Structure formats: structure tokens, C-alpha cells
Amino acid sequence: MNQDLLSGGSSSRRSRAPGGPAVRGNASSTARAPQQAADEGDEDEHMNRVVEEEEQLQQRPEASQVESQGEAPWAESGRGGDEGEGEEEGPQNEVNGCEKGARWMWGTGQRRLRGQSLAEEEEEEEEEGEENNNSSSHQEDDETEERTEGGDERGREDEGEGEEEEEGDDDEEEMDQDSDEFEHSAESGREEEDEEGEGEEGLRSPSLRNNVSTPNNNLDSSSTHQSSSNKKMKRKLDHGPEVRSFPSGKKPCKGPEYSSPTGIVPCPATPTTFGHIRTANGQGQQRRRITSIQPPTGLQEWLRTFQSWTGPEKLLALDELIDSCEPTQVKHMMQVIEPQFQRDFISLLPKELALYVLSFLEPKDLLQAAQTCRYWRILAEDNLLWREKCREEGEPQLSATDADKEKRHGKLSNPGFTHSPWKCAYIRQHRIDTNWRRGDLKSPKVLKGHDDHVITCLQFCGNRIVSGSDDNTLKVWSAITGKCLRTLVGHTGGVWSSQMRDNIIISGSTDRTLKVWNAETGECIHTLYGHTSTVRCMHLHEKRVVSGSRDATLRVWDIETGQCLHVLMGHVAAVRCVQYDGRRVVSGAYDFMVKVWDPETETCLHTLQGHTNRVYSLQFDGIHVVSGSLDTSIRVWDVETGNCIHTLTGHQSLTSGMELKDNILVSGNADSTVKIWDIKTGQCLQTLQGPHKHQSAVTCLQFNKNFVITSSDDGTVKLWDLKTGEFIRNLVTLESGGSGGVVWRIRASNTKLVCAVGSRNGTEETKLLVLDFDVDMK
């Protein structure tokens, strides 16, 4: 048998019947539609749509209440399948003008198996013979049995929604030819209970054949004859939207029991035949029947013979039957059988295991899964699950205050449903990232100060901005209002370096001193004397700050007491850059050297030699030292051994600024390019250039897990994609750019960007620009 043909047929079936039983499984049609859109469009656009749908669900509490009424993940697609089949087939219980309700011999055989008397069987056979003689067709072999097990319950819902009958009612089922409705008898309920004990052999009973459908009614004569013996037609019933069903073994969202498709009579807890399984799944009335031919002679005798065999004999007979079938017929069997083995395994698992499985999904897939059904939504709101997702995605950590705020927001948007604060934080962060990429650029806040002087250093923490200038002052600004809160006056020379943590500001000046300020009051707490030349660089770690000076020394200070704790001497030229992690001090100088110090013993552990010109920039992560020089190269060193691991070449001029995070280095150069490196391998991952590249020297840069932000002497601030290196857009474009306007410094937080701009020729006023990319989560 051609296996490729079989597999191809199975896949084509799934593609051709998106609303039918074949596509039922772990997700509803509502969860598949966004995925199809993702395949066709941009992934970011797809994620935006998923987030919008999620927010709409949170804003509609009534949607969750409707879902809670027993919805199953496949109920939506199942109803879609009903409608589609009904349109294609039309009336399914009228064949060649035959009377509706023709009854066949399967019911008689089943009752014989249940121990009915021979007299009753013969009497019923005579009655059925009379009915069959008066009928012009013999197309419906097993309609009564299936309707008794599943369809009768739905027919009764059409008549009266919950009408019950006494156990003493007649054994016969009557079908009204005019109204096309069924009445359920007590006999059918007893038969369903009896069928629970039929065991494993029952799974291979003739109902396996009586419940198969066909995808093609135009087979050749031989294949049609073989397949038609396995098929019965079934009338299409139209059920209301309240009809929901669970597959066998499905654990409903509320309670361990589930109702029959109509909710009147419970389905057998343990279905014994394939037909019972289909009825329990609510598929008994959804099958397509062959209506173009009559049942072959001897069909019922053949089915009774099969039923009389033992389990192993039935298996052997099925093997032989399959071998004698053509591929199209085997494909037909697959179409009927495969959907029954699709299970909502998530709802069947214990909650802990279900959450473990969901932990392997991407956040956007979790958002889609939450739209499947109420039980999945409850699982997909697990707070620990979303906290882990935020950690994996590198999202900002959620403080206790933020968590309470998100929790209150969730309760207000959808009372009675517990929303995950971490999930809300993830959605908010996604919207913020979208604002950075393509949100409308609102008019920035303009913070004017320092007259026409140069802004030499810039700090941004929380909602506080601190700018230092060569006008001898520092200014403290509010990032919210844009107002200048206070001006820090005290230095007698230009301010060229600064650091900030919480309410403490440290500044270094050409007056050879450092000053410690209280940002709230503007008070100068300490003035640190000791350097004999300009304090050109500094790095703050906890309660200590290390300063580097043009006097070629470094000093370690206690900012609480104002005392100089250590002096590090060894450079022979001005110290231009310094890094401190609390354990080691690393410094770069104009003597082409990089030195590693132990500040406690004031000893130089390593002198890193290799650069052939001045060292202007440093990065240090506790393991690697990265140095940028005027010799155009960047070197990566091992801090413990002092060995040079990699020499990164590619820039053409001075590397003026660098930033290092998680072994990813971004370097900005005076050659107007920006490069992204992997310091583990020494490989250049991306070069940010092309038609939108900067037209002059890169002055400053900053990056996070998604973006790189760069500023330049050309008067622009550009946004790039970190992973692809693609240009996204200009965030700032000065009108004076290219004619003197310069962006000197930039600092960015998660939601804001601060730019220090001005000019050297008076074409651009000195000021700070504050751009806000935050979102309103009301």
C-alpha cells in the first residue's frame, strides 16, 4: 500500500476541512486564526493583534462568564464543522425519495446480544420487514441505533428543552415525518447503561463501520461497493450555540461529570464502542453519509457475523480487510478514526504538569492558548509562569508596588477573574516596545538651561535628570514635568564627569575636586580634595567612588565620610576612563595602557599592553575587560590572567563609546559606524550602516535586549534593531543637523529618552529633549 499517498491524503484532509472534526484537537478556531495571520504577515504585527485580543477579553468580563458555561476547546470548531457539512450535503435522510425513518437490522442484532427473547426479535423483524417493503430505498442501516444513543437527546432538546419521560414508556422510537424530530425512550437509556459492560471487543463492533464518513462520493464501482458497506447516512441536526461537548476522558473546567450533547441524559462514563465514543464527543449527528447508492445485499448478515467473533478474530479480520482496501478507502477510515484520538491533554493533566507543558510555549503562544477555553485561560494566567516568561525575555523585574498596581488594574478590568500581574507587565512592556518602534513621536519636552555652554555629562535615574556643563554648574530636572528643580552651584571650574545613585550626586571638575550632593535639597555634602588636575572620569559602586584624573592617579573615596581611602599610582599619563565593580579597579589612560588594580592593597595586578595609541573607553563585567583606543582597535582581556583574548578590528577611527551586556558589545566610532560584537568569539555580529547610517562621528550610544540607540554629531538620534542590525527610524532630527547642531549625550530608560543637544557655533540652542514612550494601561 502506498504510504506516501496515505500520509498525503491525511494532510490534504486537514487542509480541506478546517471547520470539520478532522481539525479538532487542542485549540479552537479562534486560537488558529491569529496563527494563520502570523504565517502570512509580520511577527510583530501578529503579536500586536494577539495582545489587542487579550486586552479586549480583559475589558469584557461577560466574555469570561459565557466561556465558563462548559466550553470545550473544540466546541467552536465542531459547530463550524456542522454548518459546513450541512451546506454541502443538504437533507441527509431522504435518498431516492425513500421514506424518512427506514429501520434496519442492527437494532435487532444488538437486542439479541442483550438477551431479548426470540419472539420479540421475530416480531420486530416482521414489523421492520413491512416498513422496508413499503420503502423505496434501503439506505439507512443504523439510524435508529445512533439516534437512540446520541441524536435522540438533541432531538428532544429541539422539541421541549428538557422534556423527560417515564421508565415505563414504550420500547419503540417514533419519528415524526413532518417535523423531523425524535422522541427519546427509556429503552435507549437502559441500552446505554448495558453497553458500558461490553468491554474491549465492543470497540470493534459494527458501529465502527456504521459511523464512518466519506470524503468522496464519486469513487469507481469497486471501491464504491467496498466502502459503501461501511457507511450509513445521518440526518443533519442544527443545534443551538449552547450545545457543548467533551471528548471521552475530557476533564471539564467545572466538576468531574459531563452531560450528553443535549444535557438531558448523561453519556456513558466508559464508552464501549467506537460509535459510543463518537456520540460522547457530540459527533454522532455530524457525519456525512453516502446517499447515492443502496446498502449491498447481505450487509447485516456480514455485520452480525463480525460481531459474533472474538476480539483476536476481529483484529485478524480487520487486518485482512484493510489489506484488501484501496488507498482512498483507507484514507476515508483515517478521516473518521483520527479525530477520536485527538485529546485536550492539557485539561486531562494535573495542574502542575499542565503548567510545566505550557512553560515551553513562547509568550505570544501563551496569549493565544488563553483564548481557547476558560480552563486554559485559568492555566495561562498563572503568575509564576508569567514571571518566568518575563525573566526569560529579559523584561524589567516587577516590584511589589508595581505588582499591586497591576493586580488592582486586573480586578477593575474584569471583576471575578484573577489576572496575573506578571502577564499584565509583559503586555505593557510589549506595547512600550511597539511605541519605540512605530508609535507616534509626540513633541518632546524641552528643558532649557546652561545658556550656550556645552553639556559635558548626563545622568538619568528614575524621574530625575542631572546635567553637568562647562558653565561650572549641574542642574537637576524633573523628567515628568520638565522643570528645573534646582541648580547645584559650588565648583569653580567646568564639570566634566558625574555619577548618580538614588539621592546622591557626585561631580568632578576642572577645579581638581569632587563634590557629593544631596539631590533633594541641592546641598553639597562633601568636597573631596586630593587630585592635582582635572577630574576627568569616575565610577560609583555602592558607597565608594573611584576617580581618575589628568594627574595620572586614581583615588578611592568613601562618599559617606568624604575620606580618601586609597590612591592608585602607576599610569604615566592622564587617566581617561575607569571601571569599578567593588572588587577590582580597571583604568585606561593616554599612556596606551590598561591597568587592573586591587584597591585594598593599592597594587597593580596586571598591565594590559597592546594598544598603540590613547585608550578612550572601557567596559568591565567582572570577567572581561574591553578597551577602545584611538588606534581603531578594540581589545578583549581576561581580568584574571591579563591575557588579550580577542582584538576586534573593523572600525576606522577612535572608538569613543562602548557598552557591554551579557557578552554582547556595542561600539560607536568616529568613523560614523556602530558595530555589534560577541566578545566570546570575537565575531562582529552586525554593522549598523547603510543608507540611513550616521553622517558624522557617533557621540553616544545605549542598548537593551531589543534596540540600539545612537547619537551623532550630525544632529540625529537613531533607533536600530539589535538582532538584525536594521535601521528602524530616527527618534530625533535637529533642523540644524549638518550645519552645527549636535547631540552630545543620550540616556534612556525603559520608557523615556533624554538627549543633550546644542552646537559649537551657535546654530542650536543648548537644551535637553525628553521623549516619552510610555503607555496608558487604563
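**Figure 1. Asp 365 is partly exposed and bonded to a buried lysine.** In this close-up, Asp 365 has a relative accessibility of 22% and counts as partly exposed, whereas Lys 364, at 18%, counts as buried; here buried stands for under 20% relative accessible area, exposed for over 50%, and partly exposed for what lies in between, with a 1.4 Å probe and protein chains only. The side chains of Lys 364 and Asp 365 form a salt bridge with an N to O distance of 3.5 Å, the term requiring a side-chain nitrogen of Lys or Arg within 4 Å of a carboxyl oxygen of Asp or Glu. By this rule, 16 salt bridges are counted. The model is a predicted one, in which local features need pLDDT of at least 70 and side-chain atom pairs count only at pLDDT 80 or more, while totals for chains, interfaces and linings use all residues. Residues are numbered from 1 along each chain as its sequence is written, and side-chain values use heavy atoms, with hydrogens and water left out.

**Figure 2. Salt bridges join Arg 544 to Glu 600 and Asp 772 to Lys 752.** The closest N and O atoms of Arg 544 and Glu 600 are 2.8 Å apart. This pair links distant parts of the chain, 56 residues apart, with Arg 544 in strand E13 (residues 544-549) and Glu 600 in the loop between strand E18 (594-598) and strand E19 (603-608); strands (E, at least two residues) and helices (H or I, at least four) are DSSP runs numbered from the N terminus. Arg 544 is partly exposed, with a relative accessible area of 26%, and Glu 600 is partly exposed at 48%. In the other pair, the side chains of Asp 772 and Lys 752 meet with an N to O distance of 3.7 Å. Asp 772 belongs to strand E34 (residues 767-772) and Lys 752 to strand E33 (residues 752-759), so this salt bridge ties together parts that are 20 residues apart in sequence. Asp 772 is partly exposed, with a relative accessible area of 36%, while Lys 752, at 8%, counts as buried.

**Figure 3. An open sheet of 4 strands is crossed by a helix.** The strands follow the order E28-E29-E30-E31 with antiparallel pairing, where two strands pair if DSSP finds at least two bridges between them. Strand E28 (698-703) and strand E31 (727-733) are the edge strands, each pairing on one side only. On average, and with direction ignored, neighbouring strands of this sheet are turned by 20° against each other. Strand E30 (residues 716-721) and E31 run antiparallel and are joined by 5 bridges; Thr 716 has Thr 733 as its bridge partner in E31. Helix H22 (residues 421-438) lies across strand E29 (707-712), E30 and E31, at about 75° to E31; axes are lines fitted to C-alpha atoms, for helices over the stretch in contact (heavy atoms within 4.5 Å), and angles run from 0 to 180 degrees between N-to-C directions.

**Figure 4. The largest pocket holds about 1700 Å³ of space.** A pocket is an open set of points on a 1 Å grid over the protein atoms alone where a 1.4 Å probe fits, with protein on both sides within 12 Å along at least five of seven lines, and lining residues have an atom within 4 Å of a point; grid points are joined across faces, edges and corners, and the volume is the space filled by probe spheres set on the points. The lining comprises 45 residues, of which Ser 656, Met 658, Cys 700, Arg 745 and Arg 747 lie nearest the centre of the pocket. Among the strands that each supply at least two residues of this lining are strand E4 (455-461), strand E20 (615-620), strand E24 (655-661), E28 and strand E32 (741-748). E4 gives the largest share, 7 residues.

**Figure 5. The surroundings of E20 include its hairpin with E21.** In E20, 6 of the 6 residues are buried, so this strand is largely enclosed by the rest of the structure. E20 pairs with strand E21 (residues 624-629) in the antiparallel sense over 5 bridges, and Val 615 stands opposite Ser 629 in E21. The hairpin of E20 and E21 has 3 residues between the strands, and Gly 622 in this hairpin takes a positive phi near 95°. Thr 655, in strand E24, is buried with a relative accessible area of 0%. Apart from neighbours within four places in sequence, Thr 655 has contacts that include Tyr 616, Ser 617, Gly 628 and Ser 629.
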